[in-house]
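Work through these exercises with the model open beside you. Each task is followed by a solution in steps.

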There are 2 protein chains.
Amino acid sequence: MNIDMIRAAATRLDGHARRTPLLSSPFLDAIAGKPVFVKAECLQHTGSFKFRGGWSALSGLPEERRKNGVIAFSSGNHAQGVAYAAALHGVSAVIIMPADAPKLKIENTRALGAEVVLYDRATEDRDAIGARLAAERGLTLIKPYDEPLVIAGQGTTGLEIAAQAADLGVHEAEVLVCCGGGGLTSGIALALAAEAPGFKVRPCEPEGFDDVTRSLATGKIERNAELTGSLCDAIITPQPGDITFPIMAEHCGAGIVVREEEALRAMAQAFQRLKIVIEPGGAVGLAAALFHADKTDAPAVIAVATGGNVDEPVFQKALATLG
Amino acid sequence: MNIDMIRAAATRLDGHARRTPLLSSPFLDAIAGKPVFVKAECLQHTGSFKFRGGWSALSGLPEERRKNGVIAFSSGNHAQGVAYAAALHGVSAVIIMPADAPKLKIENTRALGAEVVLYDRATEDRDAIGARLAAERGLTLIKPYDEPLVIAGQGTTGLEIAAQAADLGVHEAEVLVCCGGGGLTSGIALALAAEAPGFKVRPCEPEGFDDVTRSLATGKIERNAELTGSLCDAIITPQPGDITFPIMAEHCGAGIVVREEEALRAMAQAFQRLKIVIEPGGAVGLAAALFHADKTDAPAVIAVATGGNVDEPVFQKALATLG
């Protein structure tokens, strides 16, 4: 992985991914006690940054492989990003999802043009199903984060942050990134190391699911004890990736851990002050910016609002924190 | 009013107002039956397009007048836009609001740096209060829509729409604008007449408050029978402006009237598919796009989501339409 791969991805994404805005509000600055900027990736196609990685992977495949189609395992944002990127490339996408995934997510993924293959979590092996389908049809597997083309696509977010912050006169900041497997975090870290040396990435995670924070602290890959039970489900992964972790270890500052309730309050502030919809997992960076600014040293913070795919009941729970 | 005034305003706004994104979703296209684009002015500073007019007016005043400060009558988006634009110019703003305005709006306007002067709707004459303050302190009144500098500022939205739509290959569209006094609608209409001749503006209003639609139909200024009682309060005005109406009569197509319930459903779609927060009055254009596309002839529609300053209870009412 290197900056040239991210720059090449930016060229491929140009005119296809959205250049999402960098937002701010004096009301958020007042909460944090320093300037807060929010990179609104919830406004990306399919409602999360995952479209960047999906497009980067699809557009980076050789034509003879791409035309056979792609396959991904996901019930969430990665599925939608890959499905839509494939549809726009005019190739087929198979998305393998658990049969008990929310019906709306299954419907949305189908509506974006993908073939959804359901499996029973209790009795079936999804990897075996995927391997069989890939072999039968010549599909290419698009991994959610431990894949250079995907990391390169997510890293284009960092190139935009560097340019947009410079336009606003911001040259020194900590960049707070909601972190799951580390695809986005490592991509942004590589981009900023090359383009904005005054910026330092800080991975942000929900309490109880802080594998990256602990891995950075010990210097080796640590696992989460649990993989379910968080409202921040979009960013819960077993452990940092084999490719993403060394990049994070080289370029990132210490992780920041936030409480689930803080993520909900950050969602409410984003609603009230920025007029954007973010999901709990996508609000962890903003929660760190607003409620843990004392753990940052830079004169400004930039939070990446990574996704907005939240159902109404959870959003209403967030709004209730305003009362 | 002419296009040169809008271009001059664009130069003054550059680097100060946000270039808000033009969003879309295949799910919205499916509802409308044609491509739908949404100009997300709810993401503008202070949560509505009104910041453009406020900045345009402040920056367009001669220095010797500006330094004395400005005054505006408003309990809503215009107040916040003027207050913040004045604060960023380092000059004082007096905002005259009814004493029974929502406490949060009063607090927000003060937090943006304005001096709020409250009056009793039943016993006091706000125009007299404003005239006295303006005379005593040399303040300049910034009218909400019937003022060329304000129309020029709002019109910059139209310049951006023309450029962003062209980037997407859209050269023929109807532009559905939530319409109150007509400042935004007439500004966009003038901008598009000059920059995008394949585009036609259609003013959009809530049922029962369709003064502009009726005025365009009869060719003379018609009044609303009522001025309260709509969730779409942000765009309820007594009648089109003396400056804005002739511009709309020359450049706009017929108005489109939507039901309040359709505005709520459009807010819910914007939440679910675009991840933006819009207020009822700011959703009228999107409601027309989604639920009245049969009244449009162009192959695509562009709805302006004019503002996002909505309280939680009303937003929850909108979310409830998804159930």
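**Exercise 1. Trace the open sheet of 6 strands in chain A of this predicted model: in what order do the strands lie, and which are the edge strands?**

Solution.
- Step 1. Read off the order. The strands of this open sheet in chain A run 1-2-10-7-8-9.
- Step 2. Check the sense. The pairing is mixed.
- Step 3. Find the edges. Strand 1 (22–23) and strand 9 (256–258) of chain A each pair on one side only.
- Step 4. Zoom in on one pair. Strand 7 (residues 173–178) and strand 8 (residues 199–206) of chain A run parallel and are joined by 6 bridges.
- Step 5. Pick out a residue. Val177(A) faces Pro203(A), which belongs to strand 8 of chain A.

**Exercise 2. Describe the overall build of chain A: how many helices and strands does it have, and what does its radius of gyration agree with?**

Solution.
- Step 1. Count the elements. There are 14 helices and 10 strands in chain A.
- Step 2. Take the dimensions. The C-alpha trace of chain A spans about 55 × 40 × 40 Å along its principal axes.
- Step 3. Compare with a globule. A compact globule of 323 residues would have a radius of gyration near 20 Å; the value for chain A is 18 Å, which agrees.

**Exercise 3. Split chain A into its domains, then ask which helix gives the most to the side of domain 1 that touches domain 2.**

Solution.
- Step 1. Set the bounds. The domain assignment of chain A gives domain 1 as 3–50 + 147–322 and domain 2 as 51–141.
- Step 2. Place the centres. The C-alpha centres of domain 1 and domain 2 of chain A are 24 Å apart.
- Step 3. Count the contact residues. Domain 1 of chain A supplies 23 residues and domain 2 of chain A supplies 16 residues.
- Step 4. Assign them to elements. On the domain 1 side, helix 1 (3–13) and helix 8 (148–167) of chain A are the elements that give two or more residues.
- Step 5. Name the main contributor. Helix 8 of chain A gives the most to this side, with 7 residues.
- Step 6. Sort by class. The domain 1 side has 8 nonpolar, 12 polar and 3 charged residues.

**Exercise 4. Move to chain B and its open sheet of 4 strands: which helices pack on the sheet, and what do they touch?**

Solution.
- Step 1. Lay out the sheet. The order in chain B is 5-4-3-6, and the pairing is parallel.
- Step 2. Mark the edges. Strand 5 (115–119) and strand 6 (140–141) of chain B are the edge strands.
- Step 3. Inspect one pair. Strand 4 (residues 93–98) and strand 5 of chain B pair in the parallel sense over 5 bridges. Here Pro98(B) stands opposite Tyr119(B) in strand 5 of chain B.
- Step 4. Add helix 5 (residues 77–89) of chain B. Helix 5 touches strand 3 (70–73) and strand 4 of chain B, and its direction makes about 160 degrees with that of strand 4.
- Step 5. Add helix 7 (residues 126–137) of chain B. Helix 7 touches strand 3, strand 4, strand 5 and strand 6 of chain B. Its direction makes about 175 degrees with that of strand 3 of chain B.

**Exercise 5. Work out how the two copies meet: what rotation superposes chain B on chain A, and how many residues does the contact take from chain B?**

Solution.
- Step 1. Superpose. A rotation of 180 degrees, with 0.0 Å of shift along its axis, brings chain B onto chain A at an RMSD of 0.0 Å.
- Step 2. Interpret. The two copies are therefore related as by a two-fold rotation axis.
- Step 3. Locate the axis. Ile276(B) comes closest to the rotation axis of the residues of chain B, at 2.3 Å (C-alpha).
- Step 4. Count the contact. It takes 20 residues from chain B and 20 residues from chain A.
- Step 5. Assign elements. Helix 2 (26–32) and helix 14 (312–319) of chain B give two or more residues each to the side that touches chain A. Helix 14 of chain B gives the most, with 4 residues.
- Step 6. Sort by class. The chain B side has 14 nonpolar, 3 polar and 3 charged residues.
- Step 7. Conclude. The copies meet through the same surface, because 100% of the interface residues of chain B are also interface residues in chain A.

Definitions and conventions: Residues are numbered from 1 along each chain as its sequence is written. Chains are lettered from A and ligands numbered from 1 in the order in which they are written. This is a predicted model: local features need pLDDT of at least 70, side-chain atom pairs count only at pLDDT 80 or more; totals for chains, interfaces and linings use all residues. Two residues are in contact if their C-beta atoms, placed from the backbone, lie within 7 Å. Ala, Val, Leu, Ile, Met, Phe, Trp, Tyr, Cys and Pro count as nonpolar, Asp, Glu, Lys and Arg as charged, and the others, Gly among them, as polar. Copies are superposed by least squares on the C-alpha atoms of residues with pLDDT of at least 70 in both. Domain bounds come from an automatic or database domain assignment. Two strands pair if DSSP finds at least two bridges between them. Axes are lines fitted to C-alpha atoms, for helices over the stretch in contact, and angles run from 0 to 180 degrees between N-to-C directions. The radius of gyration is taken over C-alpha atoms; the globule rule is 2.2 Å times the number of residues to the power 0.38.
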